[in-house]
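Here are my notes on this model, set out point by point. Please read them with the structure open.

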Amino acid sequence: MKKILEKYGEVKENIDLKKYNTYGIGGKARFLVKPLDISNLVSLIKYLKQENMAYFLLGSGSNVILPDEDFLGVIIRLDNLNKIVIQDDLAFIEGGVPLTFFSNYCLSLGYTNLVFCNGVPGTVASALVGNVGCFKHEIYEYLVDVTILNEKGNIEKIAKENIQYSYRYTEFKKRNIVILKATFKLEKGSVSIAEEKIKEQILFRQKNQPLGTKNAGSVFGNPLNNSAGKLIEEAGLKNRRVGGAVVSTKHANFIINDNNAKSSDIISLIEIIKKEVKEKYNIDLKLEQQIVKW
Ligand SMILES: Cc1cc2nc3c(=O)[nH]c(=O)nc-3n(C[C@H](O)[C@H](O)[C@H](O)COP(=O)(O)OP(=O)(O)OC[C@H]3O[C@@H](n4cnc5c(N)ncnc54)[C@H](O)[C@@H]3O)c2cc1C
């Protein structure tokens, strides 16, 4: 099997998934494949579908709750889909490029509109799945189009106007597609002001978020005109623990793996938070992280 998969890119066998997600949880995966280019990736998906083999696309694993069970299929990472071309205020970018690298690269050429997402972990492809946002901006603001491998195995370019998206949501969350590349609109601005903004953003995150711990960012999206962190804190849930998972004392909308947490610990803690916030405020918190099932 390994030999066959090697036709499509770099292959690792029996990988420990704990090293591939920011919660540091999960079992083992039978294979990890990193296709060398888009054509490799397209052929790999075609082959896996033909053979009825399970696969899962993983970016930096900073928005997923991976299962404790081993995965007998293929984890696909787009590390080698890392090309960026800038032309006439447009960026043509492959899905595997890390978002913060992209933001820094644009800034080095004087384009400042993407500094808001500087500091968000993960790849451009994943950011387009979840419509990443922070500091009053979201990634879809500057998107022109996305190229995907669709459910039928065809490559399709979709203009932003034809994509359904909203706060931390896009139709790609529900579709079995692969994001291959995208085009963004770039805007020039003052580099020194942008650099100052990045410093402020870093300071804000250092002050308000449990950086340096094992977490996957905000657990819940903010309800309209409200703050999930504030609701969870006021429900008295800071420091609530299940097994190795605990609600951060620094920011209540973060769950931390501080002692060999299992996926099931995190999921149980999520259920407790949802239940207690519902009982206290009659508000249904909506999960922003993705519970993955093999
Ligand atoms: C400390 C910290 C701070 C964070 N701050 C923010 C923030 O400010 N704003 C914010 O919005 N988020 C934030 N996040 C959450 C997270 O970084 C983002 O959701 C990010 O976009 C996830 O990227 P990833 O590559 O890690 O995705 P992963 O967790 O690896 O995957 C996310 C989803 O995308 C799918 N996917 C991956 N690649 C593809 C592809 N090529 N085609 C189709 N589907 C694909 C996966 O299957 C999965 O369903 C933060 C997380 C952390 C840990």
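1. How many bridges join β3 to strand β5, and do they run parallel or antiparallel? The count is 3 bridges, and the two strands run parallel. Strand β5 covers residues 71–76. Within this pair, L57 has I76 of β5 as its bridge partner. Bear in mind throughout that the model is predicted.

2. The parallel pair belongs to a wider sheet. It is an open sheet of 4 strands, ordered β1-β2-β5-β3, and its pairing is mixed. At the edges stand β1 (9–16) and β3 (55–57). Each has a single partner strand, so one side of each has no neighbour in the sheet. Direction ignored, neighbouring strands here are turned against each other by 25° on average.

3. One helix packs on that sheet. Helix α2, residues 38–50, lies across β1, β2 (28–35), β3 and β5. Its direction is at about 140° to β2.

4. Where does G26 sit? G26 is in the loop between β1 and β2. Is G26 buried or exposed? G26 is buried, because 26 other C-beta atoms lie within 10 Å, and the cut-off for buried is 20 or more. Leaving out residues up to four places away in sequence, G26 touches L17, K18, N21, L66, P67, D68 and S263. K136 is not in that company: G26 and K136 are 33 Å apart, C-alpha to C-alpha, with their positions 110 residues apart in sequence.

5. On to the domains. The chain is divided into domain 1 (2–76), domain 2 (84–193) and domain 3 (210–291). The centres of domain 2 and domain 3, taken over C-alpha atoms, are separated by 27 Å.

6. A hairpin comes next. Strand β6 (residues 84–87) pairs with strand β7 (residues 90–94) in the antiparallel sense, over 4 bridges. Q87 stands opposite L90 in β7. The hairpin has 2 residues between its strands. There, D88 takes a positive phi near 50°. Check that backbone angle in the model.

7. What surrounds the ligand, and how many residues are involved? The shell holds 29 residues, and the closest are G59, G122, A125, S126 and G217. Three elements give two or more residues to this shell: α4 (124–130), β8 (133–134) and β14 (178–185). Helix α4 gives the most, with 5 residues.

8. The make-up of the shell deserves a separate look. By class, 14 of the residues around the ligand are nonpolar and 15 are polar. How many are charged? There are no charged residues in the shell.

9. A second open sheet has 3 strands, in the order β15-β16-β17, with antiparallel pairing. Its edge strands are β15 (241–242) and β17 (255–257), and each pairs on one side only. Strand β16, residues 245–247, meets β17 over 3 bridges in the antiparallel sense. Here V246 has I256 in β17 as its bridge partner.

10. This sheet has a helix across it as well. Helix α7, residues 263–281, lies across β15, β16 and β17. It runs at about 30° to β16.

Notes
Residues are numbered from 1 along each chain as its sequence is written. This is a predicted model: local features need pLDDT of at least 70, side-chain atom pairs count only at pLDDT 80 or more; totals for chains, interfaces and linings use all residues. A residue is near a molecule or strand if its C-beta atom, placed from the backbone, lies within 6 Å of it. Ala, Val, Leu, Ile, Met, Phe, Trp, Tyr, Cys and Pro count as nonpolar, Asp, Glu, Lys and Arg as charged, and the others, Gly among them, as polar. Two strands pair if DSSP finds at least two bridges between them. Two residues are in contact if their C-beta atoms, placed from the backbone, lie within 7 Å. Axes are lines fitted to C-alpha atoms, for helices over the stretch in contact, and angles run from 0 to 180 degrees between N-to-C directions. Domain bounds come from an automatic or database domain assignment. A residue is buried if 20 or more other C-beta atoms lie within 10 Å of its own, exposed if 12 or fewer, and partly exposed in between; C-beta atoms are placed from the backbone.
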